Amino acid sequence: MIDLLVQGLGTALSPQVFPFLFFGVMGGIAIGSLPGLTATMGVAVLLPLTFGMESTRALVLLVGIYIGAIYGGSISAILLKTPGTPAAAATVLDGHQMASRGEAAKALSISAIASFVGGMVSTIMLISFSPVLAKFALRFGAPEYFALAVFGLSIIASISGKHPIKGLLAGMLGLLVATVGLDPVTSYPRFTFNQMHLYNGFSIIPVLIGLFALSEAFVQMENFRVGSKIDTDFKRGIVSLKETIGLLPTMLKSALMGTIIGSIPGAGADIAAFVTYNEARRSSKNPKAFGTGCMEGIAAPEAGNNGVTGGALVPLLTLGVPGDAVAAIMLGALIIQGLQPGPLLFTQNADVIYGLFASMLVGNILMLMLGLLGVRLFCRVVEIPKRVIIPVVITLSVVGAYSMNNSVFDVWVALGFGVIGYLMQKVEMPASPVILAVILGPMAESNLRRAVLMYQGHYDFLWTRPITVVFLALAAISLFSSWMRAKKERNI
């Protein structure tokens, strides 16, 4: 295997392949940093360009975009409070707080380093433990997916900051939004009001853009003055070596968790980011600092969501089952190139696969270098006066909302949720629980009902399936620890 990996490194660094990897990572960072343009969209748009390419170049280009876009989403999340991708929604909680108090460079550098650690750990895991992880992922059925979703929803209590009751209300609002559309089992229309656009429910991207980007733009417009700037001093430098070493345990733990979550088909980078954020807060010596701009609050979700990049390829390459939406497109790319995913792929096309593995290692190094070198350039965004940046944010938000499905209806959805997000900010109600509930609500509902059908109306699966029991126990521990923490804070 070592020989094949060394040979793959030679391929990745060769003049015939390296430029594709470089432009893939750079293009991915640009795509991910623009609100509404997700990693899925970037890979899907560029897929047709790879039809005529040699196999390794085509896969390297797509993987480079994937790696770059997942990291790129954190740039606008930190600087503009606007997640470039759903996977960066958890990064907003502490990233923008750091940027607002003049530590934008430090926040961006933590994001780049954590993303690098997450990507490298997941790639090493992909190379070393693919068969084991694939076997674990295959044990997931409807009961396990339901328990995973419940565990994810239990995070609402810990990301609600000082207002847990308002956070729970926001989570209920998100669950209500998630019920719109066709029933997942009977296909009966729910809350669609005979509108065809609502049959598939609300798309996550317009909701995300409205709650984070447009609502913040509306709030900033209240203080709109010609020539005014966002008060951010970013000359305090990037994260120090000592601080980075202190964050390493959080990054490594989050990267491992992200890789495992990524290897589960259907669980994506957004779920991994929130789960790792919650775990970092739960195990922190100073959980009260989360939500106020603490470094662990950036390191954990960024290492977690980039950990998915390698994890999602585990079931794809070993079993032909994609781990997330991007992996599904990659499955199409593999088939187009004449490669059949499965165990034989590692023996019959070892040169291509190990070339891909080596390119992921090199791609993560490129992402780190571009991320750190670009910190000063990225920080210039917050120097732009509000009279310029606010119209740009609104324009990007409208374009991003429209471009996902080429739908004007989605633009109205984004504007509507922008108003809702504005009102939520006025009453100090957090928006993150809404996004979490919109992502996990359909997953919890559909898999609970499938599990009940599988067990012919009984609920035995809640205590007879080991993985389900573990996730439900973790959810209970998460809720209990959040309740104890809130009680302790009240006593203080």
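The exercises below, each with a worked solution, concern a predicted model of a single chain and its aromatic pairs.

**Exercise 1.** Classify the geometry of the ring pair formed by F22 and F23, and state how exposed each residue is.

*Solution.* Begin with the total, which is seven aromatic pairs in the structure. For F22 and F23, the ring centres lie 5.5 Å apart and the planes stand at 80 degrees, and because planes over 60 degrees apart count as edge-to-face, this pair takes that label. Turning to accessibility, F22 has a relative value of 25% and is therefore partly exposed, whereas F23 reaches 53% and is exposed. As a last step, place the pair in its surroundings: F22 and F23 belong to one aromatic cluster together with F18.

**Exercise 2.** Repeat the classification for Y459 and F461, and decide whether each residue is buried, partly exposed or exposed.

*Solution.* The centres of the two rings are 6.1 Å apart, with 35 degrees between the planes of Y459 and F461. Since this angle is neither under 30 nor over 60 degrees, the pair counts as tilted. Y459 has a relative accessibility of 42% and so is partly exposed, while F461, at 0%, is buried.

**Exercise 3.** Describe the chain as a whole through its secondary structure, burial, contacts and surface.

*Solution.* First, the chain contains 22 helices and two strands. Next, 57% of its 492 residues count as buried. Then, taking contacts between residues at least 6 apart in sequence, 80% join residues at least 24 apart. Finally, the accessible surface amounts to about 20,400 Å², with 67% of that belonging to carbon and sulfur atoms.

Methods: Residues are numbered from 1 along each chain as its sequence is written. This is a predicted model: local features need pLDDT of at least 70, side-chain atom pairs count only at pLDDT 80 or more; totals for chains, interfaces and linings use all residues. Side-chain values use heavy atoms; hydrogens and water are left out. Rings of Phe, Tyr and Trp (its six-membered ring) pair if their centres lie within 6.5 Å; planes under 30 degrees apart count as stacked, over 60 as edge-to-face and the rest as tilted. Buried means under 20% relative accessible area, exposed over 50%, partly exposed in between (1.4 Å probe, protein chains only). Helices (H or I, at least four residues) and strands (E, at least two) are DSSP runs, numbered from the N terminus. Contact means heavy atoms within 4.5 Å. Accessible areas come from the Shrake-Rupley method with a 1.4 Å probe; for residues, only the protein chains shown count as cover.
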